[in-house]
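The following exercises concern strand pairing, burial and surface patches. Each task is followed by a solution in steps.

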Amino acid sequence: EGYYRCTMEGLVLEHNQAFNRILGFDISQDQEGAKLPDFWQDPSDRKEYLNELMTNGFIRNYQINAKTNKGKKIVIMANSHIIKDEKGLPVRIEGTFIDITGLREAEAEIHRLNESLEQRVRERTAELEAANKELEAFSYSVSHDLRAPLRAIDGFSRILFDEFSKKLDQEGIRLLNVIRSSTQNMGRLIEDLLLFSKLSRQEMNFTMIGMEKLVRSAWDDVLPESGTNPPRLELKSLLDIYGDKPMMHQVLVNLFSNAVKFSCKKNTRVIEVGSSGTEREIIYYVKDNGVGFDMAYSDKLFGVFQRLHSSSEFEGTGIGLAIVKRVVLKHGGRVWAEGKAGEGAVFYFALPVHKSG
């Protein structure tokens, strides 16, 4: 910390070695007689400094754009006070200062980086907006341009089956059924893709959700597809949560559909739903006693078009769990699963606890 004592005009009377070091002199040199105004980058700035000093009698943490004896620009932080004579008149100035050039350069660099980051964010936002517009155009194309030919293929194949099946042999009938089944699967895939893309743009409407009621509603939607041997639903404790109700309904429908599908080969099918909570989040689970899966491939479960079982063994588009993940992440939550081949699976999703309003 540089120290000095000077006249009211800035003539140096006393100083320490740090004074020399900061201002670029040899530390052993005597600078008595040097003039402090010479070390200001702009001497006129000293008027404001002196006005504040004379008004208050002291100055604290005053930033000065200074220069060394060789003209190098530096920034110092100064503290000083006035020394008065026995009549109360100001006769001397005594002060200290430190070199904060490095600090100011770092702050300038941070400011520059922030501006650069903001520019990159603006550019990235523009790119995302353009990508979203392209996605919307793709969704429109899918919903209109691809559905029409699929409906035509399905309709004409149905006409062939209804009106000309007697003229076809077993192989011809089988091929027609393959065509109809494939077009229907493609239709479901299109619907799932549209839903998946819609979720990224869909506005969220948060309300307090009664989870037991929502679970029963989602189960009623899924139960008709469970076949002639419907599973038994076991409800455990279900804590309410603050979230988007339609989106969470979709999560439960997809998880129930998944559990129903992969437990279809069991004689006794049981699907269990429950929850547990902490101060930060509520964890929900859907457990089934179906075919399960190998944990070595668990990272693929929630990816688009990722399947751990063949479509010939279990129907599906490979998007249902990806939709679950997207909705949960959109809520600020997380998803994961545990399972063992032949012994069932448990799918978890955790949602953060929010106070309504």
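**Exercise 1.** Determine in which sense strand E10 and strand E12 pair, and over how many bridges.

*Solution.* Strand E10 (residues 281-288) and strand E12 (residues 345-352) are paired in the antiparallel sense, over 8 bridges. Strands (E, at least two residues) and helices (H or I, at least four) are DSSP runs, numbered from the N terminus, and two strands pair if DSSP finds at least two bridges between them. Within this pair, Tyr284 has Phe349 of E12 as its bridge partner, and Val286 stands opposite Phe347 in E12.

The model is a predicted one, in which local features need pLDDT of at least 70 and side-chain atom pairs count only at pLDDT 80 or more, while totals for chains, interfaces and linings use all residues. Residues are numbered from 1 along each chain as its sequence is written, and side-chain values use heavy atoms, with hydrogens and water left out.

**Exercise 2.** Identify the hairpin partner of E12 and describe the turn.

*Solution.* E11 and E12 form a hairpin with 5 residues between them. In the turn, Gly342 has a positive phi of about 85 degrees. These two strands pair in the antiparallel sense over 6 bridges; Trp336 has its bridge partner in E12, namely Tyr348.

**Exercise 3.** Place these strands in their sheet.

*Solution.* The open sheet has 5 strands in the order E7-E9-E10-E12-E11, with mixed pairing. Its edge strands, each pairing on one side only, are strand E7 (232-235) and strand E11 (334-339). Neighbouring strands are turned by 15 degrees against each other on average, direction ignored. Helix H5 (residues 211-222) lies across E7, strand E9 (270-277) and E10, and runs at about 170 degrees to E7. Contact means heavy atoms within 4.5 Å; axes are lines fitted to C-alpha atoms, for helices over the stretch in contact, and angles run from 0 to 180 degrees between N-to-C directions.

**Exercise 4.** Why is E12 described as largely enclosed?

*Solution.* In E12, 8 of the 8 residues are buried, so this strand is largely enclosed by the rest of the structure. Buried means under 20% relative accessible area, exposed over 50%, and partly exposed in between (1.4 Å probe, protein chains only). Ala345, Phe347, Phe349 and Leu351 point one way from E12, whereas Val346, Tyr348, Ala350 and Pro352 point the other way, and all are buried.

**Exercise 5.** Is Phe156 buried or exposed?

*Solution.* Phe156 is found in helix H3 (residues 101-164). Phe156 is exposed, with a relative accessible area of 59%.
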